Structure formats: structure tokens, C-alpha cells
Amino acid sequence: MITRKRLATGACALLAALTVGLLPATTTATADSGPAATDSAKEPPKVELVLDVSGSMRARDIDGQSRMSAAKQAFNEVLDAVPQEVRLGIRTLGADYPGQDRKRGCQDTRPLYPVGPLDRTEAKTAVATLAPTGWTPIGPALLGAAEDLEGGDATKRIVLITDGEDTCAPLDPCEVARDIAAKGIHLVIDTLGLVPDAKTRRQLMCIAEATGGTYTSVHRTKELSGRVRQLVDRAADPVVTPVATDGAERCADAPVLKPGLYADRQVIGTHRWYRVDVLPGQELRASVSVSADRAVNDDYGVLLRAVTLHGREIVRGSEAGDGRTDVISTGLRYPKKDDEEAMDDDTKPAAEPVCLQVSNSFSAPPSVKTTPGMPVELAIDVVDGPGSASDVASFGLGRGWWLLGALALAGFLGGLVWGWLSRWRIAVWRTH
Amino acid sequence: MRTVRRLLTAVALAGAALLGPAATTGLADTATPAPSGSASGDAAAQAGPTEAGTSFRTAAFFRQEQQATAQASTGDYLYWVFPADAGGRPTVTATVTLPETALRHGSSTWRIDVYDGLRRRQPCMYGMQSRVAAREVATVELACTLRPVRASADTWSQDPLPGSYFVRLTATALPEEDSGQPFSVRVGVASRDTGGAYATDGALAVPLVPGATTPETVEALAPEDGWSSGWWSDRWLWTAAGGVLAALAGIGGYVLTRGAGRPSRVPPAA
């Protein structure tokens, strides 16, 4: 650990100082090691901006200018500030078909600028040509955007900017968003509503919630550009992407997990099993979080249990809560004792398969669809076991005035006895 | 940790005193890296990250004594993560600057939750963890004092252990038309030294850090002066002081009963 390293460095430095007098800067290396980017050598993150160009964008209610020109202005600013590594694309909805035919109007979405390395001027020119035109097919636009971003293991983000609710029922954009998220491609949809009404707001919040994204309502141009820029920057942040896994109904069939981050789906009111192999002398650490990605009832809980193959529960972590939440999470740790017999035998100690059961106690109103299941994130770590303690107190040391009093009293009594003894000895010696 | 450094300095100074003035120039240099390192870190120490994460995975890292800031939309869940080591009792404070009053339609409830490195929720001993902000109020102050962090605990207990701590801030109740409005927040953590009162025997091999399987992660998420090894506590001082006291009392007791060397009734000439 750092302490030891530092001690060592300090000792080296001291030695150098004492012998040479002047020292090389040995300590600078350890001085400030900030959190390094964990996954820098990864695929570039992909972002698609989905812009509503429907007829309603003509309304002039953002800083006195039309919603469309506010959006264009914001786009210009955002395009200037996009980090170099981000692969950015732009998709429009309702940009081409001005007619009344609903069927055609609801297919009106197209990529304006393909997802890829950004040519700022080209992208800006493309945006400048847009004029408010047609319908608001949000659902199809999201599906299209998900397709544009498909492939690769990069982080993916859709930023949806719209001013009205989807006009293309029965395809509910909220369901579409949940289905996209359930594909396990780590796609987050952030939504921005331009001067939204109640229905638009509800729909956009639902889309954001379904994918773990955020919702923002925009009343000013500055807010719009600032927020979109923030979201694009967020996509550029390095982050560990979880590996998809599929928990089983029973422990015997459960997938064996190595240390890492896993994603799964869990239907309300069901549980899932996973397995981790733990060697003697190792400590298993598991944490789980279940995301509330839809409208659920106000009281909920999650339970994570570590169980042996024979069904004995070793340890559990549980959590319950109420009210608005994004996730509910809990964790547990299980240090497996060193197997002394096995060590004596000089054989390789066998790993113990530990079954992990994840269950949730969410409930949802009947109107809410329960499939696909709720997103579950499982983090597994296996580290060295903790040092064993023979005493609760640190090294058996004491502390406090009672301790001082007791020690002083014991010392005093000891002194008295010793004094008596020596006096008696002198007396004995004298008499002889 | 600080104690270790102090000990080191003491040892260094003793060495310098022994070896005379020739060595001191070098030592002056040895002593500087730590303070200058922290001085250059001071500017950053106050600053902290300016963005927050939106999930446990993306939580923004900051250290104690730093101030993390963020702009977000009401209804967002903001996450930060900070390291806490044994022997401290961290207090998380957050100041939320609410959206303009004109944009708001009613009172909102704000809340911070603290989770440990295993994503287990940690209770607050003291502090207003949740507060209702009336419509006309401009800022909300939240605070949460965790239980003292111990070096070890039973497996089945939820006692705070050295490692990462997540802070989640959100509005738990909000009029629907008020969601998505811009707000800003400032979060800070300060620890009170609990001394040896909570010092325990045994220690985790690796602090409770997410992704602890890889040592680099553990190092990257460490406090400024690294994770402590856990062997030091002021119990050493108490116990040593007790020993000294016992020795003195012992001498006192001995002197009392032994008397003055030879019995007084025996004349010296006898």
C-alpha cells in the first residue's frame, strides 16, 4: 500500500540525503497520483443529436426568436466545442414532408450528418439548411438513431431535442426507448424539451428514465447550448461498460462470473442466480443495483444473498426505500477462511462456488409493462482476505483514563509488594 | 498517515542532528517535496471536479477538503465519490442553488444519500440529510455525518470501512412542471479525527473500492496521502503512557514500603 511505499521512498530519500547531501527528486513520482483515466485506449464514444424540425418549431418563444433558430444557434456553439475524440452524428425528424398524410409524415426521419469524425463546417452547413416542416415522429427517429449508433463497444448517447410530443401513435416512444435500452448496447437517451407542455414533458421524462438519461426543459438559448455541450462532454468521459450476462433460475445453472462489472435484466418479482468461485483466503465483494426505469410503486427493495451450493445462506445485503429513485442498491462481502488442512496437505486448495441470488421487491401498477425486465448492474470483486484479529481492540492496546488508572494502581501495588519484600529481606539478612 | 510522516521527519531530523550540518542541506530538500506537492495541489484542492456523474459507474471523484461543483437539471441524480480512511468521521455537506423562483411552481424536497464502496446505503448520525425547499427559497443546505470509519468490521455488519463513498444528490419530491430546470450544487466532505476510540484489530487487505481487483484502481481512488496501513492509533500512546505511569507508581510504592535502606532502630555504628 501507499504507506509502505512512502515509507520506503522516504527511507531511500533519507539515505540519499545523508550520503550525497543533495538528493534526486525521488518523491515527486508518488506525490500526486490523481485518478488516472481507467479506460483510455477504448473506442471513441458515439453521440447522435436528434433534432425536431417539425412545424411547431416555428413558434417564437425562446429569447424572442423562433425555437428553430435557437436550436441552430445552440448547434453551432455545440459543434464548435465537441471534444476531438467524439464521433458525432445528427439526425432530423419531421424535416422533409410537409403534407397531411400521417403515414408518410411518421416516416419522416433521416440522418443529416453521419456518425463519424466531425467536420465542423460541413455539419454546420447541413444544420443551416434546416427549416421547420413536418410531423414529430419521435419513436421512429429514436429507432433510426439507435441503428446509426449500432456496433462497437463504445459508450453511446442520443440527445433528443424536441418541442412537442410524438404525433405518431401507437408506437410509444417511451416503449421504444426501453426496448433500445434492453438490447444491452449501453445506450443512454437524454431529452431536452423546448418550452414543453405537460404531455411533452411527461413523454420526454419517460424516455429519459427508461434509459438512465436525463431530462431538461429549455426556455433560453444559452441553457440549450450549455446543456447539449455538457451531455456531449459526458459521453466523452471514460467509463467502464458492463458485460452482459444472463442470470439463471437456479444456482446450479448460474453463469460463473469473474471479477468485473455485469449487466442483466430482471423482471419485477423474480430473482436471478449467479456464481462466483472464491479460493480460501480470498474475499468476495459483490454489489448490485437495480434501476427503476419505469413507473413503479413507491415502496421497493432489493436483496442480495450469498448462498453455499447446499443452500446455507452465508451473508446477505438488503436495502429498502420509498419515493422517487433511480436505483436501489446493496452489497455484501464474504471473506473465505484459509483452509488449513488443505495447506498442510500441500494440495492446491479448491475454490468454493458461492451462489449469489439477486431479488427485488419492486411492484408496478397494472398499466406498466413488466417486460423487458429492469436493468440490473452487478459488480464483482475478489480480493485478498482481511487480516484476522485475535482481539477487537487494535493490537490489544488500551485507551482512556480507566486504563491509566488501572495500570498506575497495578504498578503501585506491585511497588508496594516489592518494597515489602526487600524490607523483609533486609530484616532477614540483618538478623543473621 | 500524517503521524507516520511526522515520525519520519523526526527520524530524519535526528539523523541530521547526528551527522552534522553537512547533511542538513540535503534534508531541507527532502522535506520540501511533500509540502510543495500539497501546495501545488492546494489550488486543485479547493477546486475539485466541476461535473457530477449520473450513476455509480460515472460518479465524479473528489477528495476530502475539495469542493465539487456541478450544474444539472432538477430531477437529475448526481453522483460523486470520495475516499474515506479509518480513524475519521466524514461529514458530507451540499449546497443546492435552486432554479429561479419565477420558474418554480411549488416546494421541492432535496436529499443526499451516502453509499459505501459496496453500494450499501450508510445512515447519517447527524445532519439534515433531506430538506424541503419552499418556493421562494434560493438555496438549500444539506449535511450528513457518517459513523466513524473503522479498520475492520464483521462481515454481516454495515459499519463504515475504509474505501470509497458515493454521494447521491437529487430532488425526491418535485412538482412535475418544475423538473428539468437548471440548478447548481456544491458538495464538500470534511473528516473529524476520531482518534483511537474506534481503532480495531484486523484490517481489510484492500480498501472497499469498486473495482478493487485491480491495484491501480485502488491507488487511483486513494486519499491524498494514500490508504493508511491501519497499524497506528493513539492507543499506542495511551498504553505507553499507562506503562510509564505504572512504573512511576511502582517506584513510589516501593519507596513507601521499603523504608530508608536499613532499619532506623539499628545504630550505624553497631
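Q: Helices (H or I, at least four residues) and strands (E, at least two) are DSSP runs, numbered from the N terminus; how many of each does chain A have?
A: This is a predicted model, in which local features need a pLDDT (the predictor's confidence in each residue, from 0 to 100) of at least 70, side-chain atom pairs count only at 80 or more, and totals for chains, interfaces and linings use all residues. Residues are numbered from 1 along each chain as its sequence is written, chains are lettered from A and ligands numbered from 1 in the order in which they are written, and side-chain values use heavy atoms, leaving out hydrogens and water. Chain B has 5 helices and 10 strands. For chain A, the count is 11 helices and 15 strands.

Q: Which element of chain B has the lowest confidence?
A: The model scores ipTM 0.84 and pTM 0.83. Chain B has a mean pLDDT of 81, with 79% of its residues at 70 or more. Over residues 1-44 of chain B, however, pLDDT stays under 50. Confidence in chain B is highest in strand 8 (residues 139-145), at 96, and lowest, at a mean of 34, in helix 2 (residues 21-31) of chain B.

Q: What percentage of the residues of chain A count as buried?
A: Buried means under 20% relative accessible area, exposed over 50%, and partly exposed in between (1.4 Å probe, protein chains only). By this criterion, 50% of the 270 residues of chain B are buried. Of the 432 residues of chain A, the buried share is 51%.

Q: Among contacts in chain A with a separation of 6 or more, what percentage joins residues 24 or more positions apart?
A: Contact means heavy atoms within 4.5 Å. In chain B, 69% of the contacts between residues at least 6 apart in sequence join residues at least 24 apart. The corresponding value for chain A is 75%.

Q: How do the residues of the contact of helix 3 with helix 9 of chain A divide into nonpolar, polar and charged?
A: Helix 3 (residues 67-81) and helix 9 (residues 221-236) of chain A pack at about 35°, with axes 9 Å apart; axes are lines fitted to C-alpha atoms, for helices over the stretch in contact, and angles run from 0 to 180 degrees between N-to-C directions. Residues including A:Ala74 and A:Val78 in helix 3 meet residues including A:Leu224 and A:Val232 in helix 9. With Ala, Val, Leu, Ile, Met, Phe, Trp, Tyr, Cys and Pro taken as nonpolar, Asp, Glu, Lys and Arg as charged, and the others, Gly among them, as polar, the contact divides into 8 nonpolar, 3 polar and 3 charged.

Q: Which element of chain A gives the most to the largest nonpolar core?
A: A nonpolar core is a set of buried Ala, Val, Leu, Ile, Met, Phe, Trp, Tyr and Cys residues joined through side-chain atoms within 4.5 Å. The largest has 36 residues, of which A:Leu51, A:Ile161, A:Leu224 and A:Val232 touch the most other members. Elements that each supply at least two residues include strand 1 (46-52), helix 5 (120-128) and helix 9 of chain A. With 7 residues, the element that gives the most is helix 3 of chain A.

Q: How many residues does the second, separate core have?
A: In chain A, A:Val232 touches residues including A:Val47, A:Leu49, A:Val78 and A:Leu88, not counting residues up to four places away in sequence. The second core includes B:Leu98, B:Val114, B:Tyr165 and B:Val167. Its size is 31 residues.

Q: Is A:Asp293 buried or exposed?
A: A:Asp293 is placed in the loop between strand 10 (282-291) and strand 11 (299-307) of chain A. Beyond four places in sequence, A:Asp293 touches A:Arg178, A:Glu209, A:Ala210, A:Arg265, A:Gly373, A:Met374 and A:Pro375. Because its relative accessible area is 2%, A:Asp293 is buried.

Q: Why does A:Gln107 count as exposed?
A: A:Gln107 is found in the loop between helix 4 (102-105) and strand 3 of chain A. A:Gln107 counts as exposed because its relative accessibility is 58%.

Q: Which residues does a cis peptide bond join?
A: Most peptide bonds are trans. The omega of this cis bond is about -10°, and A:Pro372 lies in the loop between strand 14 (352-360) and strand 15 (374-384) of chain A. The residues joined are A:Thr371 and A:Pro372.
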